[in-house]
Amino acid sequence: MKPISTFRIAPTLPAKLLPLRDLAYNVYWCWHTEVIELFRRIDRDLWETCGHNPVRLLGEVKQSRFDQLAEDEGFLAQLRRVHEAFTNYLEEQGYVRRGCDEAGVKVAYFSAEFGITECLPIYSGGLGMLAGDHLKSASDLAVPLVGVGLLYQKGYFRQVFNADGWQQEETPENDFYGMPVSECRTADGLPVMVTVELADGPVHAKVWCVAVGRVPLYLLDTNVPENPRQQDRDITDQLYGGEGETRLQQEMVLGIGGVRALAALGLQPTVCHMNEGHAAFLALERIRQAMLAGGLSFDAAREATRCGHVFTTHTPVPAGHDRFALDLTARYFDGYARQLQLTMPQFLDLGRELQPDGQELFSMTVLALHLAAFSNGVSALHGEVSRQMFTSEWPDLPAHEVPIAHVTNGVHSRSWVSGDMRELFDTYLGPQWADDPMDRAVWERVTQIPDEELWRTHERRRERLVAFARRRLRAQLERVGATPREIRTAGEVLDPKVLTIGFARRFATYKRGTLLLRNVERLAAILNSTDRPVQIVYAGKAHPKDNDGKELIRTIIHAAHRDQFRHRIVFLEDYDQQVGRYLVQGCDVWLNTPLRPMEASGTSGMKVIFNGGLNCSIPDGWWPEGYNGSNGWCIGRGEEYGDPDYQNDVESSALYDLLERDIVPLFYERNSEGLPRGWVERMKNSLRTLAPVFNTNRMVLEYTRKFYLPCGLRYRALNEDGSRRAAALATWQQQLRAAWPQVQIVETSQPDERSLQVGDRQQVRAVVQLGPLAPDDVAVQIWHGEVDSHDAFVNGQTVIMQRTGGEGERHVYQGEIACSSSGRHGYTVRVLPKHADLGNPLLLGLVRWA
């Protein structure tokens, strides 16, 4: 039986307490502890019971308690202070906002998941955490940005273990009306709705909004009465749920529906940022809308919109890139392709990717790469790996010139630093550490913090981690029906004075969560040392269909149940933001053991930095950029072996060596006052060198300067006067492609046979046939560099050649190479397209080599 109508009952707040509603419905509170303390003061126990959800808290507090608070002058004074700070925050404008406004930059950031706070469970792991921190820093910096995502009825799964330690999944439903989300409404008070045409008919989605400080996050929800079929209502049922067809539907709603939602809200972004390939269909929808609005061809509309697209890829793991069968894609986009004035083969070519087995699939990553002005990986190493992965899309370019840059990830420092450490930083660094975490001079003041205070502060957080782990473990054991003896031992696991290693992340096999267990006897000797013991706290989820990942978790849980490890190893159930905070704030060492180079970036270790923890990692992801020899530890030097078992043996042995010879002795080497001076010095080195770099304020500012501002300026230029310049650029490209087969380098000068010395100059002359193209349509370059024993360039760089003459279709170009280093060198000549409005000419993939 279903109700004939539904309605919502809100709590009755006395007039003096009405600002509480403003604070509850803006998740600004989740990174401002003064607001959290205000909500805790209402009812501390209920705050915990409600899962740190202020909307639910206000809905469950008794009316009599509100009446008491309305007469409590101390509470009202605190409320006024907090609300005034909140209001001032929303109204502040900074230099970043002014620069964006002058350039006409308005950014829409699309992501399939956002990890903002645990009471908004629409995230699964690192991608969502990164997206949430991106929005928070965009808010802090006042970047004119909105977020776009999906509002999942069940979100990601809750993890529970059976008695054997096997992961099982529970999917409790989200109550949107008890969460910090609000329905978007039209001027007439009606819900904002959008429609997306799928293979079997239209699907409708309601638009909700989460206020993330200054940044609105718009979320689409298909579980609405307007969708009569349950399968349509279930499209946004679960994050990453269902099979390939459901994923395709979700990504159509996200990309196509997301762009339509912004239009329905009256928002017109100039830049759209695709956080992973899940959102790549947004590029097609922007093209379609440009075609309709301006009467443009597909090619002209592509140029009018591609200049405003940024794409970030997050994984070097091939399975992490969404791909769909061509026939499935064709079935869903049959009518849509016609709207784009494309044949189906032309449409599929936008994302067509040849697989190692010879099969062709439609790749969301390839689609995004082809329709973005800028693409990037999320660390320097990941940028290199990504360029290698997608050389097939630009086969005529050297790998290091494949147009995929990098912006290394960061974390939102305010969100992850403990309250204790925050107070310490406020005292010795001043408020600037939080307001401008990129300021290196501020972090140099870490040296002024007395060693005793830094160490005692960190020890308090370790003590709280141990207490939390015991409570969590006891609840796990009670739920699975453990014996009274086993439940009692939960209160004895871990020791608040012992060196504590943390390992928490998604349990995929390449992350090698069991590497520490490679040699059980050696590990037992390390953990159970009588005078220098060590303990390990694990947490993490495996994908529901990843049985290999689940087996890794079970292996660790079984090890934790052995007598030799019973008090030294703990695996905490249901890793979420709350568990993550306790771990990154309380661990001494954060362990990261991926199989290089499979970790794109990794951000959990960055969260440890701001809490005084130290990283011990394989040199993968962000760590090669961060490690300097004195701010943590590196496991090996990045060697890669063909045999995985041998690799695991070598690197596990190196890890044991580090623990036995360096990490454990340094931790337990104490002075007469009980302080580990050497350890604290390394903590300070970590804070000084890593904190100003690996934060999302730096990251968002880097995106803004490298991508958002150039995109916004170029978008505005190409779309003035009815997109006249975009249409002209598209016409020029059509003519260029038609003429390109006629472009040939018909003659080059022979190198000087005499031996050159450093400081000399090598002259180069080339005759280029351009066919119907004009000299202004091309750039002729010398490509030169060192040459290895196989006559391959070790590294290459370019020198622009100048036209010095010619007639008809043949033109003469001249240039010179400065001989700046000794050794065996070589050069060649190439021709690239050139146009004032082109952007990056390498994106076209048109190169003619000598």
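**Exercise 1. Place strand E24 in its sheet, in this predicted model.**

*Solution.*
Step 1. Start with the pairing: strand E24 (residues 778-786) joins E25 through 4 bridges, in the antiparallel sense.
Step 2. Find a pair of facing residues. Histidine 784 stands opposite glutamine 797 in E25.
Step 3. Widen the view. The open sheet has 4 strands, ordered E25-E24-E28-E29, with antiparallel pairing.
Step 4. Name the edges. They are strand E25 (797-800) and strand E29 (848-849), each of which pairs on one side only.

**Exercise 2. Work out how the buried residues of helix H7 are arranged.**

*Solution.*
Step 1. List them. In H7 (residues 95-103), Val96, Cys100 and Ala103 are buried.
Step 2. Look down the axis of H7. The buried residues fall within an arc of 65°, so they line one face of the helix.
Step 3. Ask what covers these residues. The cover includes helix H8 (126-141) and helix H31 (696-718).
Step 4. Check what follows H7. Glycine 104 comes next, and its phi is positive, near 70°.

**Exercise 3. Decide whether glutamine 167 is buried or exposed, then trace its surroundings.**

*Solution.*
Step 1. Locate glutamine 167: it lies in strand E4 (residues 167-170).
Step 2. Apply the cut-off. Buried means under 20% relative accessible area. Glutamine 167 has 1%, so it is buried.
Step 3. Follow the side chain of glutamine 167. It makes a polar contact with the side chain of glutamate 169 (2.9 Å). It also reaches the backbone oxygen of alanine 542 at 2.8 Å.
Step 4. Look beyond four places in sequence. The contacts of glutamine 167 there include Phe157, Phe161, Lys541, His543 and Ile553.

Key:
Residues numbered from 1 in each chain as written. Predicted model: local features only at pLDDT ≥ 70, side-chain atom pairs only at ≥ 80, totals over all residues. Heavy atoms only, no water. Buried < 20%, exposed > 50% of the residue type's maximum accessible area, 1.4 Å probe, protein only. Helix = DSSP H or I, 4+ residues; strand = E, 2+ residues; numbered from the N terminus. Arc of directions from axis to C-beta. Contact = heavy atoms within 4.5 Å. Pairing = 2+ DSSP bridges. Polar contact = N/O pair within 3.5 Å; in protein donor to acceptor, adjacent residues only side chain to side chain.
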